[in-house]
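Let's take a walk through a protein model together. Keep the 3D view open and follow along as we go from strands to salt bridges to cavities.

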Amino acid sequence: MLPYLPAVLRRLLAVGALLVALSTLVGAEHPGTGEVRGRVFNVSSGRNLNNARVSVKGTSIEAFTDESGEYRLQVPPGEVELVAQYTGLGTQTVRVTVASAATARHDFELDTRTAVTKQGDVAVLDAFSVEERRLSAQAVALNEQRYAPNIKNVVTADEFGDIGEGNIAEFVKFIPGVSADYSANEGIGISIRGLPGASTLVTVDGADVASAAMAPDGNPTRAVGLEALRLNNISRVEVTKVPTPDLPANAMGGSVNVISRNAFERRKPQLTARVFTTFNSRSFGTTELDQRTGSRPELSARPLQPGLRFAYELPVNKSFAFTVSGGSAVRNYQYRGASTRWNESTYVLSGAEISAQEQLYRATDIAVGGQWRIGEGQGLRASVLYVDNVSYISRNRLNFEFGGGATGGANLVQGAAAASGLAEMGNPATAQSNSRTVQENLGYYLERGLWKLEADGSVSQSRTARRDVDQGFFNRVDLDISNIVLRGEGLYAGLPKSPLPRTMTATDRAGVPIDVFDGGLYSLSRVVSRPSDSSERKIGFKAKLSREFGHGLRLMTGVQYSSQERDYREQFKRWDFRPGTTPEVRQARNYNVLQPAYSATAQNYFPGHQVQWVSLAKIYDIYREHPDYFVLNEANSYSGSVRPSKRLQEAISAGFLRADWRALENRLWLVGGVRFEHTLDQGEGPLDDIGATFVRDASGNFVRSPTGALTLVPGTALERTKLRYVYRGAHARKTYQDYYPSLNSTFNITDNFLVRAAYARTLGRPDLREIIPGLTIADPSVPIDRRIITVVNSGLKPWTADGVDLSLESYHPKWGIGTIGVFEKQIKNFFGGVRVPATPDRLDLYQIPEAVPGEFSTYDIVTKENVGDARIRGVELSYKQSLFFLGRWGESLQVFGNMTALKLSGTNAADFSRYSPRIYNWGISFARPKYSARMNWHQRPGRRQDPAGDDPTAPANWSNSRTVVSAEVEYRITRRLSLYGTANNLTDTPEIGYRYGSRTPDYARTTGLNVYGTDFTLGVRGTF
């Protein structure tokens, strides 16, 4: 896809370049000035400080250090008093004499404040101490946040220690307004301020990150999977709540930018290494530390798994520095899950399912980055990130359907005597998943006097391949015992917090007992293979030119181009096992496919009954030995491969104008401007037209029999299926564009107290499943009310939001760090489902061709269109305080807490799903030079999992209120070595699902329970 710059964008850039050029008429440097240069250094941590403020006392002259700690000031000749400030560190003042047209140099060395005592004393800490590392990390985060041009939150990788072992979700979730989405204990996505995760922009050093992750419903998504963002190479993470004009506008809730390590931040080389072991509290078998037998050989693993992480930072000289970091870790999980289904008319249990889940997860990453100063005022930066994740996944499933006519209530369920019950055993979604992400960034900057040019380019590629049969197992097997009478007793008396019956019994129609826990009695019906490939490639380029001139004004203009190509393919195959034979012939006990060793240690759900599971690998061995037992369903396999296959190309061209103005002795800072974005989407998806399987005459009309029935095209079922399903036969090409103004203002009431106010218009592009083409046309022979054309509306306009923010921020070193913020977002162009007549105009709009005019005159179109609006209002509170007033030990204690409260309103407020109206975080930490301890709590109240719909009394799906506790301890053995341990989900808090409406009794509300255990890490850290 080639870059495309619309005419309006070219005009916008021309205006920007003209404005910057005109500034040269009024912004010439004043003759007779001198210059002061130097660095600002943190003595305690051994790091040069980025974004430290250096000012001339009594004037509005100030500068901020760059990533290597360098600053440069134009000052009047003579003696000047310089002040260096860095939030969380001491302030230093010095007098420097500068000659006219000459350069003086002075380096500042600041210290970490362990605490401000009643006497205001400051203590300098050992650079290798536990306490120093945390306080220096905290100072970096606070300083970046304080001196930002907009409302943002910043956290550093060292501030929250090793919680999560590399997953940024484990500390970003403690930021106000941020909610992490999880798969078991692993953070997989981020949403901000109640908006969907697909609308959260995630970047690395400002560059887009490719992610081949799939949404829970199996569709491609814009949401970035966090598995590619490991902590090894991360310096800090910025969560922007309100963008400036030079930032992308597609951040309706906010954006997350990961900042990589920079070796210029250090004066001396440093190697940090961690050797550790990981384990989950539910990964131990009956033999404790010995290898546990898994359902497949690769899942047979010891509970304790090794890991390594390292980071090396080397400033070679003043012109060149590089970093190398990497790591590898393995986690072995054993999950426990149960789900139940209720008849929503009789409130009798209609189905119950258990799942014994296993996963072995291996993550490996390496990152290399370099910074090169080519000469005075110019340099290059480059980085490469490689992440490889391998997951071995298995989910053994046992499902019971009680059948029509079942009776019961709060304590039991009894199947009808007609024996319509069903027991199913299987292993859906089993696979080996290999995910690989490569991120390459290249940047250049040039400073000449008052001018600054920055240019950046990036290429990011991600691929996820899921495999099954070529690894020696099927993706899915289905076995069942049909025509049985099931009885479940002791609802809520077995598995805690679940209505799963404590006992389950079964008989056939004659009353003969059947052991539904014996996998050998189940009859194999079908097997499935679903290897798939999901890939994404993103290419980006941006350039911006700025110039500073008198009176505190700076102008900036720039362009940005990004392209995205997303592709998903699946090779679906289904085989029927020995079709035409009796269930007794197909029983698993006839084929030696049970796995007693695994079954003996698998999760037990029913007291006194150990499930005897079947083996997918052994069933695949039968396939290799007796391929004639397995009959390929060619038609089903073909359609199963066509339906999920999708591709999208997207190109975004943008240009912006930005103006910065500082006034009132730099106490007031205004940042405003406008951004223009143009989007081009081209996509391909499946075409499902059953009408193509019927005979037409020369005019295109259907040929009918004397009875009026349609005539099928001659051929096999596979041949007709190929006519009906066209591989990527639906196409669409759409464009849209708009302007996005913004204004951010910051006013420093005092040195430690400021107020911010902001406005921004942003957009939320439709998720990929909303715009990748797909077309399904119903059978023309069905009744008129069922003649439907289901089409993906690739022309959906993005959500747009006008948002205002107000924030009060305190950075007082003694009385705590706190913020109070309120915001409102007015969102337009919501997506809503519609069913409308298939008029010629709409057929043309959705690019639906007719073989003959009027062919679809009796059809309706079902799709999504832009309808309605919604409003989000929110409050964000945060506070962090050292307890120095409690005496010596209180100086080492720090507490924090924050809260986010959201309120939805508007005509489409009910369309929000997975929306959390409240998020609470709090914690306490204790840090001394030789040891530290920390505990954090993250609480998210129950939230609705699906849109509300039109009927407020109708049942809806909900999740439980969940409080997750994490903990970390560290003990310093020597100056360079320490022991540490972490625990995530310390209290093993379960996930519970509910489904209920206003008439649902309490006992019939619980539908799901998943217990994931506690993830532990124990290790040794060294700093050299």
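A quick bit of vocabulary before we start: two strands pair if DSSP finds at least two bridges between them. Strands themselves are DSSP runs of E with at least two residues, numbered from the N terminus. What you're looking at is a predicted model, where local features need pLDDT of at least 70, side-chain atom pairs count only at pLDDT 80 or more, and totals for chains, interfaces and linings use all residues. Residues are numbered from 1 along each chain as its sequence is written, and side-chain values use heavy atoms, with hydrogens and water left out.

Now find strand β37, residues 753-764. What is the bridge partner of S742 in β37? That's A760. S742 lies in β36 (residues 725-750), and β36 runs antiparallel to β37, with eight bridges joining the two. To get from β36 to β37, the chain makes a hairpin through two residues. β37 also pairs with β40 (residues 799-812), again in the antiparallel sense, over 12 bridges. Here you can spot Y759 standing opposite V804 in β40. What holds such partners together? Strands of a sheet pair through backbone hydrogen bonds, either parallel or antiparallel.

Next, look for an open sheet of five strands, in the order β10-β15-β16-β13-β14, with mixed pairing. Its edge strands are β10 (152-156) and β14 (207-208), and each of them pairs on one side only. The neighbour of β14 is β13 (residues 201-204), and these two pair in the antiparallel sense over two bridges. Across that pairing, T203 stands opposite D208 in β14.

Time for some charges. Side chains of opposite charge can pair when their charged atoms come close. We'll call it a salt bridge when a side-chain nitrogen of Lys or Arg is within 4 Å of a carboxyl oxygen of Asp or Glu. The structure holds 63 of these salt bridges. One of them joins R39 to E70, with the closest N and O atoms 3.1 Å apart. That pair links distant parts of the chain: R39 is in β1 (residues 34-42) and E70 is in β5 (residues 70-75), 31 residues apart. E70 also forms a salt bridge with R105, at 3.3 Å between the closest N and O atoms. R105 sits in β8 (residues 103-105), 35 residues from E70.

Are R39 and E70 buried or exposed? Both are buried, where buried means under 20% relative accessible area, exposed means over 50%, and partly exposed is in between (1.4 Å probe, protein chains only). R105 has a relative accessible area of 48%, so it counts as partly exposed. For a network of salt bridges, look at D246, K544, R554, R658 and D660, which are linked in one.

Finally, let's peek at the cavities. A cavity is a set of points, on a 1 Å grid over the protein atoms alone, where a 1.4 Å probe fits but cannot get out; its lining residues have an atom within 4 Å of a point. Grid points are joined across faces, edges and corners, and a volume is the space filled by probe spheres set on the points. The whole structure has 10 cavities of 30 Å³ or more, and the largest has a volume of about 390 Å³. Of the 25 residues lining this largest cavity, L201, D208, N250, K538 and I652 are the closest to its centre. Which strand gives the largest share of the lining? It's β31, with five residues.

How values were computed. Helices (H or I, at least four residues) and strands (E, at least two) are DSSP runs, numbered from the N terminus. On a 1 Å grid over the protein atoms alone, a cavity is a set of points where a 1.4 Å probe fits but cannot get out, and a pocket is an open set with protein on both sides within 12 Å along at least five of seven lines; lining residues have an atom within 4 Å of a point.
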